[in-house]
Amino acid sequence: MITFKNVTKTYEINTNNIIQAVENIDITFKEGEVILLKGASGSGKSSILSLIAALSKPTSGEVIVDSKKISKLSDNFASIYRRDNIGFIFQKYNLIPTLSVKDNILLPLVPLNLKADDVEIKLNTVMQKFSIFHKKDIIVKNLSGGEQQRVAIARSYINEPKIILADEPTANLDKKLSEKFIEIMKELKEMNKTIIIATHDPLFFGLEFIDREIEMSDGKIIV
Amino acid sequence: MILSPEILTIYILNALFALLSAIAFYFSVRIFLYWNENSTSQLQYKLEKQSYLSATIIKYIFAIKVPLFLFFIFTLDDMSNIISGAMCAAGVVDATVYGSYLLVLKVLNLYLFAYWIVLHSKDIKFEVQPYIKQKFGLFIGLFFLLVVEIILEIMMFNAIDVTSIVDCCGVIYSSSSQSYLSMVLSLDYFILLGIFYGVFLFLTISYIFKLRYLFSILNLFFIIISLITLISFFGTYIYELPTHKCPFCFLQKDYNYIGYFLYTFLFIGTFNGLVIAFIEFNKQEIEKFYTLSFLFNFLYVGIVTYYPVIFYIKNGVFL
Amino acid sequence: MEVYENTLNLAMQIQVLSMNKYLIEYAINSILRQKSKNIFIFIVFTLLIFLLTSIFFITNSIKYELNSTVNSLPQIIVQNYKGGRHYDIEISKVDKILSISGVQESVARVWGYYYFENADVHFTLVGIDMFENQYKKSLTHLTQISSFDESSMYLGRGVKKLMYKNYYKNYFNFIKPNGTVKKIDIAGVFNSDIELESNDMIVMSKENLREIFALKENMATDIVVKVSNPNEIDTIALKIKEIIPTARVITNEDIKVSYEHLFNYKSGIFLALFIISLFTFFIIIYDKASGLSSEEKHEVGILKAIGWRVEDILQEKFYESFIISFFSYLLGVIFAFAFVYLFEAPLIRDIFIGYSNLKPSFSLSFIMDFQTLFLVFLLSVPIYIASIIIPSWRVATLDADEVIR
């Protein structure tokens with residue numbers, strides 16, 4: 001379902017400073033798989049996620065998702081692709097702190113101009129599912145870390161994407177909340193979502209629901 | 001030379017249009033020359049961004065142009081009060097040699113800009129953007145037309161001399177004057193009306209059977225025959241005076257501003273009909289244009305027919 | 001029928017396409033979240049619109065008043081000119097004018113300006129004869145309602161007040177050109193339909209007035225002419241000029257036009273000022289909209305990352321600017337209404353009426369002028385929106401990836 005064909009991504013900070021985020025990546029992920037991307041910071045895990053989400057374009061090579069070459073998409077269509085296919089849970093959550101829980105979660109749906117009833121149903125379902133319905137009108141910056149993460153997960157889920165990407169999801173959580181997160185991921189797997197988690201948290205290592213563990217270092221995959 | 005607040009407003013907005021369209025023009029040229037959808041270079045990336053700006057500017061210009069055009073017509077009508085001899089906008093348009101060209105150009109630009117917008121909304125539905133070069137190439141032409149329009153407008157307002165007497169519509173459109181226009185207008189009513197309703201009948205048929213190119217061409221004929229019959233026949237029933245043949249007087253308050261409605265309906269109807277021939281729409285989209293076109297043309301026909309019918313019912317005779 | 005169904009679908013489509021409820025809500029929310037930046041812009045813009053609209057309202061009202069005045073003015077006024085200056089005219093010329101076909105009436109007027117030194121004002125003195133045809137309705141009214149006391153005078157309201165202030169309660173002493181005093185009793189106050197003109201007017205018998213101004217029996221100040229067909233005013237004016245070459249013939253059209261010009265001149269200045277401020281404002285908005293805090297950039301990056309297209313962001317920004325500018329417009333116009341028609345526009349209106357100690361105390365008549373409202377709209381909202389096009393575009397095309405890392 002997701003295929004990387006000889007993908008390289010380099011960032012050019014200035015003429016002397018070129019960072020190679022990932023190098024010659026060739027890999028395929030199947031639909032419904034749960035993948036763990038292991039590796040230290042800077043190993044290229046975040047870049048892989050970014051490339052799958054079409055948030056960045058490869059310097060060379062191709063990324064193909066569901067037979068579609070997403071690496072060539074224009075800005076507009078990259079957004080549409082993300083909207084329809086990707087749910088991204090960022091490391092820093094990237095919620096809008098001055099908006100309420102409800103407003104944050106419904107953000108991906110806003111441009112779609114759906115009927116108000118449909119939106120309400122989706123919203124309530126998702127908020128119930130991730131146990132933050134009771135805080136729906138609270139401004140996000142007043143929530144605890146765990147609650148904020150649930151909002152982030154809810155937001156990534158509301159447009160019913162096929163692919164869920166999580167970047168260091170448990171970096172700011174304690175053990176209990178981390179385990180809660182893993183529970184939620186298991187539920188998502190039940191729904192046949194393709195999940196890719198980039199983390200160096202050992203809590204994830206060797207878990208049963210994870211289909212594959214891929215280790216990365218210096219931008220390359222270590223078999 | 002008059003510099004009333006109304007004319008000044010028109011100038012200010014024209015200046016804004018000139019500035020913004022120049023920016024869009026610059027980018028349009030670059031896109032037209034260098035756009036390569038397979039390229040992943042920095043240039044292509046920049047062009048992509050610039051295409052958003054150009055499109056936004058063009059949409060903005062059209063959005064403001066429409067009310068500004070109505071305001072322009074209204075201003076012309078208003079100016080007839082201070083230009084000796086003019087009783088309606090017809091006199092003002094005729095006061096200078098630029099007037100009629102300006103009016104025609106403005107209407108043409110409205111059609112073209114509207115077409116651009118439709119083309120654009122079709123274009124961005126595809127990842128590949130099949131019409132991108134066509135679109136911006138069109139705008140390059142449109143830019144020149146816009147500039148000509150602005151220049152003509154300035155020249156026209158400059159040239160208007162309040163003291164020199166102009167002809168009023170009674171003279172311009174009457175059968176006694178020498179122009180081609182009056183020759184056409186004095187053709188036999190039966191012929192003109194026959195053509196008018198005939199064209200509309202064929203329009204209806206092509207609508208029902210979705211005959212694409214026929215529908216479009218008929219819309220073109222419809223514009224022409226509508227204008228002619230409006231001035232020479234239907235207008236006289238709006239004014240209830242057989243000799244009053246004028247396309248501008250019914251824009252005035254005395255006639256409930258019906259002119260604005262008539263021309264607006266005619267524009268919407270014929271534009272949607274014309275656009276069908278030029279762009280490849282899918283079934284769902286084309287449905288929308290067919291319906292809009294037919295609906296507004298129908299409304300137009302309905303309203304213009306209403307006047308002579310009501311007149312006959314009230315008076316028992318035709319003019 | 002097929003057409004009916006299609007129309008219905010179309011109506012729904014149009015409704016849905018043109019307004020996105022959630023996007024509008026987000027836009028409103030966004031405006032409120034950036035209060036400090038937006039409040040400044042909102043206030044300044046409202047102020048500009050308020051000033052502009054007020055000026056238009058005032059000039060419209062005054063024009064209307066003036067036009068009503070002008071319409072009640074005589075159609076043609078004939079004055080004698082010698083050496084480029086206004087002189088008295090022989091009454092015998094009246095008959096000459098009457099001989100022109102198309103002339104309905106020709107009346108010699110006796111009037112003048114009297115300078116009252118104590119108050120530094122000019123009164124307009126008008127002389128009438130009881131049994132003559134009056135050229136003005138209000139004067140006819142005056143001669144009809146009461147037996148006009150030939151020895152006393154009637155005052156306009158402003159005059160009465162002023163004289164009262166200067167301790168002249170029941171009579172007034174006019175100083176004749178030879179230095180002697182002419183005392184005239186005050187019989188009462190008269191009303192005119194149009195306040196602008198009557199406020200500084202005094203009506204008295206022709207005899208008294210001739211005495212005050214030392215005007216000879218066979219002379220008059222000027223001659224007013226009424227024609228049977230108003231369309232012929234200009235023609236007859238020309239004919240009069242032929243008969244009396246030294247005369248200056250003024251038609252009421254001439255007066256209308258000169259008022260128009262005066263107004264266009266005065267409002268032209270304000271318009272010029274407005275344009276300059278508009279231009280400055282344009283630059284300010286452009287600048288403010290361009291200066292994005294890292295927070296704002298971050299927010300746009302998030303939106304793009306979760307699936308908003310460039311167009312969606314642009315549309316949202318457009319909603320924001322339309323809401324701000326439109327509400328500014330509404331508020332500015334409403335304040336202008338209140339300022340001009342409720343509070344009588346202190347300060348500004350004096351600039352248009354002109355300075356005079358005998359300020360007419362008339363109310364600015366309420367005229368609902370859609371053209372003005374449309375004009376102000378065109379000069380405000382589109383300009384505001386134009387100023388944010390480029391800054392919004394810059395924001396919308398930010399690279400999501402860079403911004404959220």
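A polar contact is a pair of N or O atoms within 3.5 Å; within protein, one must be able to donate a hydrogen and the other to accept it, and residues adjacent in sequence count only if both atoms are side-chain atoms. Keep that handy for the exercises below, and remember that this is a predicted model.

**Exercise 1. Work out how chain B meets chain A: how many residues touch, and which salt bridge is there?**

Step 1: start with the contacts. Eight residues on the chain B side touch seven on the chain A side.

Step 2: turn to area. The two chains bury about 720 Å² between them, and 54% of that sits on carbon and sulfur atoms. Within chain B, the residues losing the most area to chain A are B:Glu48, B:Tyr52 and B:Glu127, together 61% of what that side buries.

Step 3: look for charge pairs. The rule finds one salt bridge across this interface. A:Lys68 and B:Glu127 pair up there through their side chains, at 3.0 Å from N to O.

Step 4: add the polar contacts, which come to three residue pairs between chain B and chain A, both partners at pLDDT 80 or more. Sorted by class, the chain B side has three nonpolar, two polar and three charged residues.

**Exercise 2. Do the same for chain A and chain C: which element of chain A gives the most residues to the side that touches chain C?**

Step 1: count again. Here 30 residues of chain A are in contact with 28 of chain C.

Step 2: the buried area is about 2,500 Å², 56% of it on carbon and sulfur atoms. On the chain A side, A:Asn76, A:Val110 and A:Asn113 supply 21% of the buried area, more than any other three residues.

Step 3: check polar pairing. There is one salt bridge between these chains, formed by the side chains of C:Lys304 and A:Asp75 at 3.3 Å, N to O. Residue pairs in polar contact number ten, with both residues at pLDDT 80 or more.

Step 4: assign the contacts to elements. Those giving two or more residues to the chain A side are α1 (45–52), α2 (75–85), α3 (101–106) and α4 (116–129). The winner is α2(A), with six residues. By class, this side of chain A holds 15 nonpolar, eight polar and seven charged residues.

**Exercise 3. Take B:Lys245. Is it buried or exposed, and which side chain of opposite charge is nearest?**

Step 1: place the residue. B:Lys245 is in the loop between α9 (212–239) and α10 (258–278) of chain B.

Step 2: B:Lys245 is buried but makes no salt bridge. Its nearest side chain of opposite charge belongs to B:Asp188, 10.0 Å away. The cut-off for a salt bridge is 4 Å, so a pair at that distance doesn't qualify.

Step 3: see what does touch B:Lys245. Beyond four places in sequence, its contacts include B:Cys169, B:Tyr173, B:Leu185 and B:Tyr189.

**Exercise 4. Compare A:Glu160 and A:Asp218: where do they sit, and how accessible are they?**

Step 1: both need a look at the backbone. Most residues other than glycine have a negative phi. A:Glu160 has a positive phi of about 50°, and A:Asp218 has a positive phi of about 50° too.

Step 2: locate them. A:Glu160 is in the loop between α5 (145–157) and β7 (163–167), while A:Asp218 is in the loop between β9 and β10 (220–222).

Step 3: classify accessibility. A:Glu160 is at 47%, so it counts as partly exposed; A:Asp218 is at 62%, so it counts as exposed.

Notes
Residues numbered from 1 in each chain as written. Chains lettered and ligands numbered in written order. Predicted model: local features only at pLDDT ≥ 70, side-chain atom pairs only at ≥ 80, totals over all residues. Heavy atoms only, no water. Contact = heavy atoms within 4.5 Å. Buried area = accessible area lost by both parts, 1.4 Å probe. Nonpolar A, V, L, I, M, F, W, Y, C, P; charged D, E, K, R; others polar. Helix = DSSP H or I, 4+ residues; strand = E, 2+ residues; numbered from the N terminus. Buried < 20%, exposed > 50% of the residue type's maximum accessible area, 1.4 Å probe, protein only. Lys, Arg positive; Asp, Glu negative; His and termini not counted.
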